[in-house]
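Please open the model in your viewer with side chains available as sticks, and follow the selections below in order.

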Amino acid sequence: MTDAVAFDTPENIQVRYQPAGLGTRFIAWGSDQTLALLVELGLLIVALVTVSSLAAFREFREDADRSIAYFVGLMFVIFGLGNLLYYTLFELLMRGQTPGKRWCGIQVVKADGFGLDAGGIVVRNIFRLIDSIPLTWVVPLLSKRSQRLGDMVAGTVVVSEQRPVFSDLRAVLARRPAGDARYRFSSVALARLPRRDVDAVEKLLERWETVAPEQRASLARRLADAIAARLAVEPPPADGEQAFLLDVLTAELRRRERGLG
């Protein structure tokens, strides 16, 4: 059993994730490899058609060797850099996910709890070449967090998106009319929220009635102020923190359902 990954937010709310299982990661990897191969084959066909079309011109017919060299070089570029570009671009644009990872419900996060950065994504994917060597396949088996070498160097870990359900809060928010929201947030602004901050909001709201009033007020104030700063909006007034956090969580869950994150 792999060790859970625990992050302490600046508001002193601990958020825990379960590292993704190796079987799930393998299925996600296989799905991504299939998609990447289809994209690469598509680009190869386009390149072949382009070179064939250019060969119809006299100057290219007279220099067939040059045309073939261009095609071979392009083929090496496509298949050599295809995987690196596929994983890097998707993990950058989809906040630590690829199509395969999203289908399997897993995501790349920073092992220290901070937001996933472009440098970490690039480094972990460059190391895919080394991680593809059979000798290194034992590394995730020995790692407590199922990290491969690329994850260790980049300081990342792949975690499961499936978290324990504390109550029916999500079901309640799903039925909440959009017109009930006092605060509005754009999808672009919400995309700037680290996953740990959203989970901290959900965890606090789930435990709202069981937390001592003084501690609850303090946590809600600090969390609301921090999120308002990240979203570049005005913080809620005193006693308005719960409504603000509810609207943030509702908007973020709806954004995820629409596949915008």
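Begin by selecting D197, which counts as buried at 3% relative accessibility; keep in mind throughout that this is a predicted model. Now add R230, whose side chain meets that of D197 in a salt bridge (2.7 Å, N to O). The pair links distant parts of the chain, with D197 in helix α11 and R230 in helix α12, 33 residues apart. Unlike its buried partner D197, R230 counts as partly exposed, at 34% relative accessibility.

Next, display the two helices themselves, α11 (residues 195-206) and α12 (residues 213-231), whose axes come within 11 Å and cross at roughly 150 degrees. Because angles over 145 degrees count as roughly antiparallel, α11 is roughly antiparallel to α12. To see the contact, select R196, D197, A200, V201 and L204 on α11, together with L219, A220, L223, I227 and R230 on α12; these residues divide into seven nonpolar, no polar and three charged.

Staying on α12, select R221 and D225, which lie four residues apart, about one turn of the helix, and whose side chains meet in a salt bridge (2.8 Å, N to O). Here R221 is partly exposed at 22% relative accessibility, and D225 is partly exposed at 33%.

Move on to helix α13 (residues 241-257) and pick out T250, which is buried, with a relative accessible area of 5%. In the same helix, R255 and E252 are three residues apart and form a salt bridge, with their closest N and O atoms 2.9 Å apart. R255 counts as buried at 1% relative accessibility, and E252 is likewise buried at 1%.

Finally, select R25, E91, K101, R124, R128 and D151, which are linked in a network of salt bridges.

Technical notes:
Residues numbered from 1 in each chain as written. Predicted model: local features only at pLDDT ≥ 70, side-chain atom pairs only at ≥ 80, totals over all residues. Heavy atoms only, no water. Axes fitted to C-alpha atoms, helices over the stretch in contact; angles between N-to-C directions. Parallel < 35°, antiparallel > 145°, perpendicular 65-115°, else oblique. Contact = heavy atoms within 4.5 Å. Nonpolar A, V, L, I, M, F, W, Y, C, P; charged D, E, K, R; others polar. Buried < 20%, exposed > 50% of the residue type's maximum accessible area, 1.4 Å probe, protein only. Salt bridge = Lys/Arg side-chain N within 4 Å of Asp/Glu carboxyl O.
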